[in-house]
Structures are given as C-alpha cells and as structure tokens.
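Student: Please take a close look at one residue of this structure and then work outward from it to the parts around it. I would like to see how you reason from one step to the next.

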Amino acid sequence: MIRLSLDEVHQLAEAILRHHGFAEDHVQAVADAVFAGERDACASHGLWRLLGCIDTLRAGKVVPDAEPEVIDQAPAIVRVDARGGFAQVAFQRGVPVLVEKARQAGIAALAINHCVHFSALWAELEVLTEAGLVALACTPSHAWVAPAGGRKPLFGTNPIAFGWPRAGRDPFIFDFATSAIARGEIQLHERAGKAIPLGWGIDVEGQPSTDASAVLKGAMLTFGGHKGSALSAMVELIAGPLIGDLTSVESQAWDAGTGSSPYHGELIIALDPKRFLGDAVDEHLARAEALFAGIEDQGARLPSQRRYEARARSLKDGVEIPEKLYEDLRALLR
Ligand SMILES: NC(=O)C1=CN([C@@H]2O[C@H](COP(=O)(O)OP(=O)(O)OC[C@H]3O[C@@H](n4cnc5c(N)ncnc54)[C@H](OP(=O)(O)O)[C@@H]3O)[C@@H](O)[C@H]2O)C=CC1
Ligand SMILES: O=C(O)C1=NCCCC1
C-alpha cells in the first residue's frame with residue numbers, strides 16, 4: 001500500500017483531469033468527488049474511479065468542458081441539462097435554485113439530465129443537509145442487475161440516498177445501491193483477485209457465483225429480493241422516464257460496448273422542515289434525535305458513522321491506496 005496525504009489525493013486527481021483536458025470547473029468538481037470517496041474510506045467511489053473517467057473520455061462518451069444549462073421548469077422543479085458532462089458541475093449549478101425553491105415551497109426537485117454519472121450520492125446530500133434540508137437522491141446506471149425472479153441484467157445498480165440534518169451533529173445519511181452491492185465493489189474484488197460473497201450475483205448460466213469476473217459478465221442481484229427489485233424499478237422510473245431521461249437499458253445501449261460510465265439523469269428531492277413545521281420545528285427535530293438515540297442505545301450504529309470516523313482518521317493520517325492503483329493513476333499522467 002502507498003500512503004498519501006489528503007492534499008496529495010486531491011492534487012493527483014486534479015493533475016490527471018487537467019492533463020486530459022477537462023475544463024477547470026470539471027477538474028475541481030470531479031477531483032472533489034473522488035477525494036471525498038477516498039477520504040471517507042469509500043474506495044469503490046474514490047480515486048479508482050478516475051481510471052473509468054479517462055476511459056470514458058477516450059471513448060468520446062463525456063464532454064470535458066460541458067457547460068450545464070439551468071432551466072427554471074416549474075415553481076418547485078429545477079432542471080439542469082448537463083450537456084454530456086460529468087454530473088458534479090450540473091449538480092453545483094442546480095443546487096442554489098433547488099435550495100431556494102425548497103425554502104419557498106417546502107418541497108422541490110432537481111432533475112439533472114444528460115449527465116455522465118460515476119459517483120456516490122452521499123456527497124450531494126451532505127450539501128443539502130448542510131442547508132438544513134431533508135433530501136432524497138437516486139439515479140439509474142447501466143443494465144447490470146437482474147430483477148428478482150429473473151436472471152438477465154435489466155436494472156442499474158440504482159442507488160437511493162436519504163439525508164436528514166441534525167443540529168450540531170453530522171447528518172443522518174444512508175446511501176446504497178439497490179443491488180446487493182455496488183458494482184464498483186465487485187470490480188475492486190476483481191482487481192484484487194478476491195472472491196466475492198455468495199448472493200452478490202450469478203454467472204452467465206444463471207448460477208450463483210463467488211467469482212467476481214463471472215458475476216460482472218453475468219448478472220448482479222438486488223438486495224432483499226423482490227423489495228430491492230421494486231425499489232430499483234422505482235429508481236428507473238422516477239430518475240428515467242419521469243424526468244425525460246434514459247433507463248439503465250437505454251444507457252447501456254448508448255454505451256455501445258465501450259465500457260464507459262453510465263449516461264442518464266438523476267432526481268434529487270429536497271424538503272424544508274421549517275416549511276412543514278413552522279414554529280414547532282425544533283420540537284419535532286428533537287423527536288427525531290430520540291429515534292437516533294434509540295438506535296444507538298441498542299448498540300447499533302447509524303449509517304454514515306463509519307464514514308465520518310474514517311474521515312476523522314484520514315484528516316489526521318492521510319489514506320492508503322494499493323500500489324497497483326497508484327501506478328495506474330500515475331500512468332495517466334504520461
Ligand atoms: N452513481 C451510481 O450510479 C452508483 C453509486 N453507488 C454508490 O455506491 C456506494 C456504495 O453502495 P453499496 O455498495 O450499496 O453500499 P453498502 O451496501 O455498503 O451500504 C452503504 C450504506 O449503508 C450504511 N451501512 C453499512 N453497514 C451498516 C451498518 N452495519 N449499520 C448501519 N448502516 C450501515 C453505510 O454507512 P457507512 O458508509 O458509514 O458504512 C451506507 O450509508 C453508495 O455511496 C452509492 O451511492 C452505487 C451504485 C450506483
Ligand atoms: O458502483 C456502482 O454500481 C456504480 N457506480 C458508479 C456508476 C456506475 C455504477
């Protein structure tokens with residue numbers, strides 16, 4: 001393993017993106033995303049993703065200097081056309097309007113269209129919880145996951161994230177794929193030559209497998225059987241046809257076998273507790289704290305707690321990444 005300071009992580013990401021001609025706003029926003037993944041010990045969406053970003057660029061499947069267009073769609077809807085760029089800059093452009101609309105109406109949605117998406121959703125939700133908003137986000141990907149009861153890829157890994165602001169504390173955020181695990185995690189197992197647990201996927205014959213490569217060629221499985229499957233279908237619908245964008249099957253077709261990052265839309269919904277509760281907001285947010293305490297009193301942990309602890313450690317000690325990954329990233333600078 002190679003130890004890097006957090007500054008080195010960010011600088012390496014910036015250098016790679018700049019070297020490949022990304023416009024400076026994309027350089028900063030994409031570097032921030034992979035930096036956050038590495039810092040919070042979410043390796044499946046950390047520095048490793050830059051390899052895929054550059055492959056996607058080389059395949060002509062991302063616009064490196066895309067200038068997103070912000071469209072004020074309706075009193076409670078803002079749309080951002082990412083124009084083929086990575087999602088991060090589109091999100092940054094849309095957020096101020098989303099926050100303003102949520103504060104006005106109590107609830108508002110941001111629909112991002114035509115973006116290339118490769119990142120974890122919790123980073124986006126932290127921006128909204130920081131603004132005091134409750135938020136939900138979801139996005140399709142490529143067709144990799146079989147519906148419960150089926151054996152052929154149809155759904156994306158379709159993450160759903162939820163965030164709840166907490167006064168004086170880190171927000172309550174969960175963020176997971178509706179597949180048993182993110183595809184990135186299986187890819188990291190493949191890179192490391194490690195077996196995966198049974199239950200993550202099946203091979204091309206439809207047989208359960210612990211071979212990462214076989215599952216990547218076959219189909220991933222949803223979490224919780226029919227429940228994850230239905231949630232995954234919901235993500236396809238509300239972050240696909242509802243916002244006029246691609247499903248995971250359609251994203252895969254657009255990819256045309258290049259192995260690029262998915263190209264589709266994302267839906268983010270923000271709710272303002274102050275609008276729902278008026279003067280009673282503090283009283284009811286305190287009741288939410290009692291719920292969190294109830295979870296922790298049983299010895300269970302809150303989602304994101306592992307991340308926040310990892311963040312505190314990396315801010316002090318930096319992070320470790322595999323030597324092979326470091327070499328592959330350095331090679332992108334030549
Ligand atoms: N852009 C895209 O298209 C896609 C992105 N992704 C991203 O991949 C990432 C990983 O997804 P996935 O593999 O499903 O992640 P996991 O199955 O590891 O689940 C992650 C979530 O569950 C929480 N969690 C895990 N274990 C516990 C526990 N014992 N008690 C309480 N909470 C727990 C995590 O918190 P903690 O982090 O603290 O462990 C986190 O919020 C997500 O960030 C997601 O956004 C996934 C699919 C597609
Ligand atoms: O890990 C995953 O699953 C994905 N992450 C980024 C985008 C594609 C799917």
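Tutor: Arginine 334 lies in the segment after α13. The model is a predicted one. Is arginine 334 buried or exposed? Arginine 334 counts as exposed because it has 5 C-beta neighbours inside 10 Å, and a residue with 12 or fewer falls in that class. Its C-alpha is 41 Å in space from that of phenylalanine 172, with the two positions 162 residues apart in sequence.

Now step outward to the domain. The domain assignment gives domain 1 as 1-58 + 304-334 and domain 2 as 67-179 + 222-303. Residue 334 is thus one bound of domain 1. The C-alpha centres of the two domains lie 22 Å apart. The two domains also touch: 17 residues of domain 1 are in contact with 20 residues of domain 2. Which helices each supply at least two residues of the side of domain 1 that touches domain 2? They are α2, α3 and α12. Of these, α2 gives the most, with 7 residues. Sorted by class, the residues on this side of domain 1 come to 7 nonpolar, 7 polar and 3 charged.

Take α3 next, which covers residues 49-58. Its buried residues are Arg49, Leu50, Cys53, Thr56 and Leu57. They are on the same side of α3, because they cover an arc of only 120 degrees around the axis. The spacing has a general background: an α-helix has 3.6 residues a turn, so residues three or four places apart point the same way. What do the buried residues of α3 pack against? They pack against α1 (6-19), α2 (24-39), β4 (107-116) and α13 (323-331). This list brings back α13, the helix that comes before the segment with arginine 334. Just after α3, glycine 60 has a positive phi of about 75 degrees.

Helix α12 runs over residues 305-317. With 13 residues, α12 reaches 18 Å from its first C-alpha to its last, close to the 18 Å expected at 1.5 Å a residue. The two ends can also be named: the C-alpha atoms of glutamine 305 and aspartate 317, 12 residues apart along the chain, are separated by 18 Å. Aspartate 317 counts as exposed because it has 11 C-beta neighbours inside 10 Å. Glycine 318 follows α12, and its phi is positive, near 80 degrees.

α12 also leads to ligand 1. Of the 26 residues around this ligand, Ala120, Phe176, Ala177, Ala182 and Arg306 come nearest. The elements that give two or more residues to the shell are β7 (169-176) and α12. Does one domain supply this shell, or do both? At least three residues are drawn from each of domain 1 and domain 2. By class, the shell around ligand 1 has 12 nonpolar, 9 polar and 5 charged residues.

Ligand 2 has its own shell: Ser44, His117, Phe118, Ser141, Thr157, Ala177, Ala182, Arg183, Gly184, Ser261 and Pro262. By class these come to 4 nonpolar, 6 polar and 1 charged. Ala177 and Ala182 are listed here, and both names also appear among the residues nearest to ligand 1.

Next along the chain from Thr157 is asparagine 158, which lies in the loop between β5 (134-138) and β6 (160-166). Asparagine 158 is not a glycine, yet has a positive phi of about 35 degrees. It counts as buried because it has 26 C-beta neighbours inside 10 Å, where 20 or more is enough. Arginine 83 is another residue that is not a glycine and has a positive phi, about 50 degrees. Its place is the loop between β3 (77-81) and α4 (87-105). Arginine 83 counts as partly exposed, because 16 C-beta neighbours lie inside 10 Å.

One more helix, α9 (residues 248-255), can be read in the way α3 was. Its buried residues are Ser248, Ser251 and Gln252. They lie on the same side of α9, because their arc around the axis is only 100 degrees. These residues pack against α8 (226-238) and β10 (263-271). Just after α9, alanine 256 takes a positive phi of about 50 degrees.

Terms used: Residues numbered from 1 in each chain as written. Chains lettered and ligands numbered in written order. Predicted model: local features only at pLDDT ≥ 70, side-chain atom pairs only at ≥ 80, totals over all residues. Helix = DSSP H or I, 4+ residues; strand = E, 2+ residues; numbered from the N terminus. Near = placed C-beta within 6 Å. Nonpolar A, V, L, I, M, F, W, Y, C, P; charged D, E, K, R; others polar. Arc of directions from axis to C-beta. Contact = placed C-beta atoms within 7 Å. Expected span 1.5 Å × (residues − 1). Domains from an automatic or database assignment.
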